[in-house]
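The following report reads a single chain together with its ligands, moving from overall dimensions to the domains, the cores and the ligand surroundings. Please keep the sequence and the coordinates at hand while reading.

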Amino acid sequence: MKVALVTGITGQDGAYLAELLLNKGYMVHGIKRRASSFNTSRIDHLYQDPHEKNPRLKLHYGDLTDSMNLTRIIQETQPDEIYNLGAMSHVKVSFDIPEYTANADGIGTLRILEAVRLLGLEKKTRIYQASTSELYGLVQAVPQSETTPFYPRSPYAVAKIYAYWITVNYREAYGMFACNGILFNHESPLRGETFVTRKITRGVAKIALGMQEILYMGNLDAKRDWGHAKDYVEAMWRILQQDKPEDFVIATGVTTKVRDFIKLAFAEVGFHLRFEGEGVDEVGILDGFNQTVVEAVLDAVAPTIAVGTILVRIDPTYFRPTEVDVLMGDPTKAQTQLGWKPHYNLADLVEEMVAADVALFKKDLHLISAGHSVSKQED
Ligand code: NDP
Ligand code: GDR
């Protein structure tokens, strides 16, 4: 049985990857951080009681900032494959906690590579590093491929560029099977609540259900190449099954403005939105309903919002000190060498995410009507 170790197993990608590896028959070890409350909701459906015979999923307490902990876990688990997905992954937040981000996202990768080397596992253990399209940063070329120069624009991206190059360096210096997947944005119903797509689909669901009035957003002009996380974890696995260790861009090749994602998401609940104004004064206004869609999605809960109501406003808090304007990947190498192509397009993604959030907040409505309180956190 192949053995995999996944850092960041409690995150969006960790959850989809763990499921994929279990389905392929792997023994999966995951590193979770100690928290004051349970933080495994994304993988609870995969949980296996450690007291059962031969469980194939085992979680270990750990942290990418703790070398000894990582070395011990790697020694104990002797993995054939390590997927280093753990990171402080929020670009905006990295401006608030830059030193921690460098430590976890940059040096954390070094700790894994060095542990594998010191333990003499460099010929056994293959390593996947979660690199990112944020490396491209300030636009040098569109679309971006494996040969496009990098120009990082945030503490997060600068930390990840260290991780990218230290992975390349250990491959070249010690002959290790260490690879970068340069993944463009990928989303899902499991996406963290404060990334733009999930923030939008949550906001749309809550507005449609009468639980929120306005969605406050940052830069609506940013363009992103959005895929589905389920497709992207398949690419991670394929990268480690190659004969030779190499780096790959994983993307859909299609880019979309944040503003258009918002329109698509509102359309899922039958709301037509139009945008008016400029800069911080731009607003998204309800232009009309498609009543059939509204009734189908919301179970005949007709919205009481009047046409002409402002549903989206700009809050400059969400602007970044330095922004990445356009990301659009060229996945040709992955298509030809890995035989990888995405199964989901943007329309499928938006549909799945909005439907999941409508279902989620309908549950919250039941809880509220039964006198329970629910989380009000938004960011
Ligand atoms: P998430 O933010 O959903 O998950 C991040 C994971 O890392 C969580 O399990 C988190 O734990 C864990 N983590 C955070 N800090 C540490 C630490 N110090 N030590 C150990 N674990 C830690 O990210 P995604 O699943 O979306 O992304 C996975 C990886 O891919 C990340 O490295 C991200 O930077 C990168 N990436 C993501 C892209 C995307 O579009 N999703 C695109 C390109 C790259 P906890 O649950 O406790 O917070
Ligand atoms: P990104 O994702 O920074 O690309 O990093 P995010 O979804 O946070 O932002 C995408 C774009 O949307 C703009 N934006 C907003 N973003 C957020 N979060 N909240 C808002 O209100 C908002 N309004 C506009 C942003 O300015 C940005 O241009 C993600 C992460 O998963 C990284 O870990 C990963 O490496 C990259 O994708 C590829």
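In this predicted model, the radius of gyration of the chain is 21 Å, which agrees with the value near 21 Å that a compact globule of 379 residues would have. Taken along the principal axes, the box filled by the C-alpha atoms is roughly 65 × 50 × 40 Å. Buried residues account for 44% of the 379 residues, and, among contacts with a separation of 6 or more, 76% join residues that are 24 or more positions apart. The secondary structure of the chain comprises 11 helices and 15 strands.

**Domains**

The chain is divided into domain 1, which covers 3-183, and domain 2, which is assembled from 196-223 + 257-323 + 345-369. To the contact between them, domain 1 contributes 5 residues and domain 2 contributes 4 residues. On the side of domain 1 that touches domain 2, there are 2 nonpolar, 1 polar and 2 charged residues. The centres of the two domains, taken over C-alpha atoms, are separated by 33 Å.

**Nonpolar cores**

The largest nonpolar core has 68 residues, of which V6, L17, A18, I127, M236 and I250 touch the most other members. Helix 5 (residues 155-174) provides the largest share of this core, namely 9 residues. Another core, lying apart from it, consists of 29 residues, including V204, F261, F266 and L346.

M236 deserves a separate look. When residues up to four places away in sequence are not counted, M236 touches L17, Y83, Y128 and G181.

**Ligand surroundings**

The two ligand shells are set side by side below, by residue class.

| Shell | Residues around the ligand | Nonpolar | Polar | Charged |
|---|---|---|---|---|
| Ligand 1 | 26 residues | 9 residues | 14 residues | 3 residues |
| Ligand 2 | 22 residues | 9 residues | 7 residues | 6 residues |

Around ligand 1, the residues that come nearest are G8, G11, G86, A87 and A130. Helix 1 (12-23) and strand 5 (126-132) each supply at least two residues of this shell, and helix 1 gives the most to the shell around ligand 1, with 3 residues.

Around ligand 2, the residues that come nearest are V91, T132, V196, G218 and A222. Helix 3 (91-96) and helix 6 (196-208) are elements that each supply at least two residues of the shell around ligand 2. Where does ligand 2 lie with respect to domain 1 and domain 2? Because domain 1 (3-183) and domain 2 (196-223 + 257-323 + 345-369) both give residues to its shell, ligand 2 lies between them.

**A residue in strand 8**

Y216 lies in strand 8, which spans residues 215-217. Is Y216 buried or partly exposed? With 15 other C-beta atoms within 10 Å, Y216 is partly exposed, because that count falls between the limits of 12 or fewer for an exposed residue and 20 or more for a buried one. Once its neighbours within four places in sequence are left aside, Y216 is in contact with R313 and D315. Y216 and V312 are 96 residues apart in sequence, while their C-alpha atoms are 5.9 Å apart in space.

Technical notes
Residues are numbered from 1 along each chain as its sequence is written. Chains are lettered from A and ligands numbered from 1 in the order in which they are written. This is a predicted model: local features need pLDDT of at least 70, side-chain atom pairs count only at pLDDT 80 or more; totals for chains, interfaces and linings use all residues. A residue is near a molecule or strand if its C-beta atom, placed from the backbone, lies within 6 Å of it. Helices (H or I, at least four residues) and strands (E, at least two) are DSSP runs, numbered from the N terminus. Ala, Val, Leu, Ile, Met, Phe, Trp, Tyr, Cys and Pro count as nonpolar, Asp, Glu, Lys and Arg as charged, and the others, Gly among them, as polar. Domain bounds come from an automatic or database domain assignment. The radius of gyration is taken over C-alpha atoms; the globule rule is 2.2 Å times the number of residues to the power 0.38. Two residues are in contact if their C-beta atoms, placed from the backbone, lie within 7 Å. A nonpolar core is a set of buried Ala, Val, Leu, Ile, Met, Phe, Trp, Tyr and Cys residues joined through C-beta atoms within 7 Å.
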